[in-house]
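I opened the notebook today to look up salt bridges. Here is the model I worked from.

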Amino acid sequence: MIRSMTAFANGERVTPWGTLGCELRSVNHRFLEIGMRLHDDLRSLEPVLRERIAARISRGKLDISLRLRSPEGEGGLHTDPARLRELSELALQLSSPFPGLRVDFTQLLQFPGVLQAPAVDGAALQAEALALVDDVLDEFIAAREREGGKLAAGIAERVDAIEAIAVQVRALMPAIRQGQRTKLENRLAELAQPVDPGRLEQELVMWLQKLDVDEELDRLDSHVIEARRVLGLSQAVGRRLDFLLQEFNREANTLGSKSVDARSSTAAVELKVLIDQIREQIQNIE
């Protein structure tokens, strides 16, 4: 299924050490670029996360954040009462020989063992974090596919319009050729000197060959078939569609340069408009 490169997903997971939160968001980018904001206890997961994301996503500028919120009603840090009692008793013992001794609150907290963080099982917390990331990544990819489906529908609609224009131009070409032939014959008939019929026919054939767009129309038909095939693939197709669009554009340019009739010129312009619209949509496809 076609995927958009723009998406957002988030989720939370309750653990014994607090609530894990994960957020994923991405925008267009030529390649895959991953930015990370991880909780201190989860920083070692960065290589694993990069590998997991790269295994499922091929393009886009993606930002992932993993945070850990302390349980409700509990602080992230606490003091050790036993160590504080030891320090208090020591301060009383030293108050007589050192009457000017003063210790402020920040100095007290810096003393080893006074300030403590809740014990965290690092391995278990990381396992919970990876499970959460997998869940959010599933939702994130689903969001990409939903948006990609809308983009694919818009592209398919314009590919159908390109095919219709090619059919229209093909139907017009016999009349355009005959009209050009008649116009040239009328001009030659006005010449004072008669023209050799064999030479006239030869020149007409050469001139009409220069106006022939059958090959361009055939290639447009093949590009339409290929575009529909690519839109049905289950892999990243953004780059492939971008290359195919260059081929569409080449045929449209040639059709316009060979045009000698207002109708085919208008068709070439309409093709260019449709191709530009598809190009805008392709920029957002993985």
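My entries below go through the salt bridges and the exposure of their residues.

Entry 1, ground rules. I am working with a predicted model, where local features need pLDDT of at least 70, side-chain atom pairs count only at pLDDT 80 or more, and totals for chains, interfaces and linings use all residues. Residues are numbered from 1 along each chain as its sequence is written, and side-chain values use heavy atoms, with hydrogens and water left out.

Entry 2, the count. I looked for salt bridges (a side-chain nitrogen of Lys or Arg within 4 Å of a carboxyl oxygen of Asp or Glu). The structure has 23 of them.

Entry 3, lysine 258 and glutamate 216. I found these side chains joined in a salt bridge at 3.3 Å, N to O. The pair links distant parts of the chain, 42 residues apart: lysine 258 sits in helix α7 (residues 238–258) and glutamate 216 in helix α6 (residues 214–231). Helices here are DSSP runs of H or I, at least four residues, numbered from the N terminus. Next I checked exposure: buried is under 20% relative accessible area, exposed over 50%, partly exposed in between (1.4 Å probe, protein chains only). Glutamate 216 is buried at 4%, while lysine 258 is partly exposed at 23%.

Entry 4, the network. I noted that salt bridges link Glu215, Glu216, Arg219, Glu251 and Lys258 in a network.

Entry 5, two more pairs. Aspartate 261 bridges to arginine 263, with the closest N and O atoms 2.9 Å apart. Aspartate 261 is buried at 16%, and arginine 263 is partly exposed at 40%. Aspartate 40 pairs with arginine 43 at 3.1 Å between the closest N and O atoms, and aspartate 40 is exposed at 57%.

Notes:
Helices (H or I, at least four residues) and strands (E, at least two) are DSSP runs, numbered from the N terminus.
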